[in-house]
Amino acid sequence: MSVLDPGTGSDEAYRLDASKPRSIGEIVRAAGALYRRYPLLFAILAAAVIVPYELIVLAATGDGPLRHGHENAGVSWLLLLLRTSLITPLVSALHMHAVVTIAKGRRPRLAEVARRGAMALPVVAAAEIVSGIGIFLGSIALVVPGILLAVRWAVVAQAAALEGKGWVDALRSSRRLTTGHGWHAFGLLLVTGVLNAAVLFGARAIPLGSSSGAGSVAVGTTVETLVASFSALTLALLYFDLQARRDAAGAETPRTAPREHAHLRDLD
């Protein structure tokens, strides 16, 4: 097993049926199975983004990954913007392309996945920023509109990474896929959020001393990497799940169906 082909060492690629609708529990289990099959791949993809970001934040603010937030509101907003516009989109794009490769029955190669993810970053970042602003405004106006927008745009980053269109099309695609499946998407977002929060809370409860200490930074960065990676995997699988549900219901339109069914083929 080489660094450029991180997996389990087996020559046989993991088989992932991307055309199969899944329950919330099945999506979570499938995400776990993918991580167990390719632990180094997903760890490296997430760590390559999370670790530099956390080290830069530590150097600039003195705050480690397990700190809840910076006391300076301006700094907090800047870090939120950086995470929204660069960190989360890049992790999402990298994981989406890795899952696509696996779904095609091929072993994901780190260099190839990184190249495709980097190429998709501008559109993914734009879509994430616009959706994030919309969700934030909806949340401060009334909580319910923010939740509804979060569900509607649950897979906007995945659509932007895979469909090769602009951020407006990614927003529309996510809305189209989640229509009629809002509770399903909300349920997965809720379960994933609870699991991630439990992991983060557990890590913060460990007596590691100062948040900027070596032990706290190491544990915090590891936890942040795992949480970001798992979230990106579940949302990638949610995208394919929603597409499978749409296909099963015969809801494709002549304008969108050819492109939607061509996703995996076009990436050859």
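## Aromatic pairs, cores and surface of an all-helix model

Searching the whole structure turns up 3 aromatic pairs. Here a pair means rings of Phe, Tyr or Trp (its six-membered ring) with centres within 6.5 Å; planes under 30 degrees apart are called stacked, over 60 edge-to-face, and the rest tilted. Among them is Tyr-35 with Phe-42, whose ring centres lie 5.9 Å apart with planes at 40 degrees, so this pair is tilted. Tyr-239 and Phe-240 also pair, in an edge-to-face manner, with 5.5 Å from centre to centre and 85 degrees between the planes.

Before going further, please keep in mind that this is a predicted model: local features need pLDDT of at least 70, side-chain atom pairs count only at pLDDT 80 or more, and totals for chains, interfaces and linings use all residues. Residues are numbered from 1 along each chain as its sequence is written, and side-chain values use heavy atoms, with hydrogens and water left out.

How open are these ring residues to the outside? The table gives their relative accessible areas, where buried means under 20%, exposed over 50%, and partly exposed in between (1.4 Å probe, protein chains only).

| Residue | Relative accessible area | Class |
|---|---|---|
| Tyr-35 | 15% | buried |
| Phe-42 | 0% | buried |
| Tyr-239 | 0% | buried |
| Phe-240 | 6% | buried |

Phe-42 deserves a second look. The largest nonpolar core has 61 residues, and Phe-42 and Leu-238 touch the most other members. Such a core is a set of buried Ala, Val, Leu, Ile, Met, Phe, Trp, Tyr and Cys residues joined through side-chain atoms within 4.5 Å. Leaving out residues up to four places away in sequence, Phe-42 touches Leu-34, Tyr-35, His-95, Ala-98, Ile-102, Ser-229 and Leu-233; contact here means heavy atoms within 4.5 Å. Apart from the largest core lies another one, of 5 residues, including Leu-66, Leu-200, Ala-203 and Val-223. As a general point, nonpolar side chains tend to be buried together in soluble globular proteins.

Now to the overall fold. The protein has 11 helices and 0 strands; helices (H or I, at least four residues) and strands (E, at least two) are DSSP runs numbered from the N terminus. Of its 268 residues, 46% count as buried. Among contacts with a separation of 6 or more, 78% join residues 24 or more positions apart.

Which helix is largely enclosed by the rest of the structure? That describes α6 (residues 156–163), because 8 of its 8 residues are buried. Its buried residues include Gln-158 and Glu-163 alongside Val-156 and Leu-162. Just after α6, Gly-164 takes a positive phi of about 70 degrees.

Another polar residue to look at is Asn-196, in helix α8 (residues 182–205). Asn-196 counts as buried, at 11% relative accessibility. Setting aside neighbours within four places in sequence, Asn-196 is in contact with Val-227, Phe-230 and Ser-231.

Finally, the outside. The protein exposes about 12600 Å², and carbon and sulfur atoms supply 67% of that area; accessible areas come from the Shrake-Rupley method with a 1.4 Å probe, and for residues only the protein chains shown count as cover. On the surface, Ile-133, Phe-136, Leu-137 and Ile-140 form a nonpolar patch with about 390 Å² of accessible area together. Phe-136 belongs to helix α4 (residues 110–141) and is partly exposed, at 37% relative accessible area. Patches are made of residues with over 30% relative accessible area and no salt bridge (a side-chain nitrogen of Lys or Arg within 4 Å of a carboxyl oxygen of Asp or Glu), with like charges joined within 9 Å and nonpolar side chains (Val, Leu, Ile, Met, Phe, Trp, Tyr) within 5 Å.
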